[in-house]
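I am opening a notebook on a structure that is new to me. I will write down what I look up, one topic at a time.

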Amino acid sequence: MRISRRTFAAAAVAVVLVPLSACGSGSDGGGSTDASGKVEGDITFQTWNLRANFKDYFEGVIADFEKEYPGTEVKWVDQPAEGYADKISADAAGGTLPDVVNVSPDLAAPLAKAGLALDLDKAAPQYRKEYLEGAWASHQIPGLTGTFAFPWYLNTGPLFYNKALFEEAGLDPDQPPKTYDELFADALQIAERTDGEVATLANVPTIEDFGRYGVPLMNGEGTGFTFNDAKGVELLGKYKELYDAKALDTQALTATPESSGKKFLTEAVAMNPGSALDLGNFQKQAPNLYKNIGITDQITSTGQVNMYVMGVMVNAQTQKKPAAVAFAHYITDATRQMSFAKQVAIFPSTAGSLDDPYFTKEDGTDETRVRVAAAQSLKNAVNYTPVLFSEQMKVELRNAVARALQGKESPQEALDNAVKACDRLLQQQG
């Protein structure tokens, strides 16, 4: 699987979780969190759509682990991307969850609530210092105490912009917007100068955009959403201005990351988020765009960019806790993460790894420029999407944003209604 910024987004969007409250409660399923003892026995390790492209890598890691720990055997199973969340839910409900499981934070949350995710703060606290603080925190669940997966690979990406479109609108092509105020002002100018023919943005704001804008998304207890505060209303109001001026693409209400990417590729949109992997695509499919490509940082009011994170969870009910914890740590340690990062455009979550020359030294190519900038921003990045924010909640927010942009509700009414709907769904999660 091509792992990119969009893959992380798509993975999050695909998650539809079955309530697991019948499986148990608490952080360790009533079992022990003691992972001490001899590392031995057979365990099963499950990944998420990685075998096709990375078979040799994972088989090599498993062979090295088994050599380092004689008496262990790791069975690797890989599940397709489609239906992955449903598969995990079914295994959890049926008591057949593998010992070590590749999860995203929103997949880990219901498993932790059901007592099926091992609390690593209790079982393996000695490893915490090996990981970036924000990455370790990404698998902490509001309302529960503990950390429920080792952080694995990370991703983030810059904003690409079309220098030619900026210049045609009378803007300095070498001075892209750095703040939200600048972004909104530039977008309105581009729309005005092109009589609405060129939009600057192709997507409506998502929960991560509210987070980047500095909107508090949930209360501290994780019992209610708060993105309808004054700052959230302000952001949605700004997007309404863009929509009315055609500075936000007219098809933004139904856009997907893929359709937005195509708009940018065909130079109908002036800015779009992406990753280093997109540059090769631009070069092949849109040489004129590639010639005029500008690269700038994600815009944020918080000083922290958004990151996507994958994790490796240990089944709290495994009978082989020492081996399962040892393997989950092994595959996510600095050595293995660095090796994996050099095979595909992702970033390690281990402390210090982003200081490696691979992530700090440019060689004059756009690809290394993007990689170096992204690595620098990841050091204090956060995952803005709340781990309890389900797919149904994303739909509620998207529908509310659409109502506000179309003038059917005010931004305040729309967000108030979205928060009520999301709080109701949160209560149903139990």
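**Helix α2 against helix α14**

I began with one helix pair and found α2 and α14 oblique to each other, since angles under 35 degrees count as roughly parallel, over 145 as roughly antiparallel, 65 to 115 as roughly perpendicular and the rest as oblique. Their axes come within 11 Å and cross at roughly 130°. Axes here are lines fitted to C-alpha atoms, for helices over the stretch in contact, and angles run from 0 to 180 degrees between N-to-C directions. I noted the crossing of α2 and α14 as right-handed (the near helix is turned clockwise from the far one by less than a right angle; anticlockwise would be left-handed). Phe-58, Val-61, Ile-62, Asp-64, Phe-65 and Glu-68 of α2 meet Ala-323, Ala-326, Phe-327, Tyr-330 and Ile-331 of α14, contact meaning heavy atoms within 4.5 Å.

**Source of the values**

I am reading a predicted model, in which local features need pLDDT of at least 70 and side-chain atom pairs count only at pLDDT 80 or more, while totals for chains, interfaces and linings use all residues. Residues are numbered from 1 along each chain as its sequence is written, and side-chain values use heavy atoms, with hydrogens and water left out. Helices (H or I, at least four residues) and strands (E, at least two) are DSSP runs, numbered from the N terminus.

**Helix α15 and strand β4**

I looked up α15 (residues 334–341) next and listed Arg-336, Gln-337, Met-338, Phe-340 and Ala-341 as its buried residues. Buried means under 20% relative accessible area, exposed over 50%, and partly exposed in between (1.4 Å probe, protein chains only). These buried residues pack against α2 (51–68), β4, α14 (321–331) and α16 (357–360). At the N-terminal end of α15, Asp-333 acts as a cap, with a side-chain oxygen 3.3 Å from the backbone nitrogen of Thr-335.

Then I turned to β4 (residues 150–155): six of its six residues are buried, so the strand is largely enclosed by the rest of the structure. Four bridges join β4 to β8 (residues 308–314), and the two run antiparallel; two strands pair if DSSP finds at least two bridges between them. Asn-155 has Tyr-308 of β8 as its bridge partner.

**The three-strand sheet**

I found an open sheet with the order β6-β5-β7 and antiparallel pairing. Its edge strands are β6 (271–273) and β7 (293–296), each pairing on one side only. The twist averages 25° from one strand to the next. Between β5 (residues 159–162) and β6 I noted three bridges, and Leu-159 stands opposite Pro-273 of β6. Helix α11 (residues 257–265) lies across β5, β6 and β7, at about 140° to β6.

**Helix α19 and the loop before it**

I recorded α10 (residues 230–244) and α19 (residues 411–429) as packing at about 125°, with their axes 9 Å apart. Gly-232, Val-233, Leu-236 and Gly-237 of α10 make the contact with Pro-411, Gln-412, Ala-414 and Leu-415 of α19.

Is Glu-409 buried or exposed? I found 19% relative accessibility, so Glu-409 counts as buried. Glu-409 sits in the loop between α18 (391–405) and α19. Its side chain makes a polar contact of 3.1 Å with that of Arg-403 (a pair of N or O atoms within 3.5 Å; within protein, one must be able to donate a hydrogen and the other to accept it, and residues adjacent in sequence count only if both atoms are side-chain atoms). The side chain of Glu-409 also reaches the backbone nitrogen of Ala-414 at 3.5 Å.
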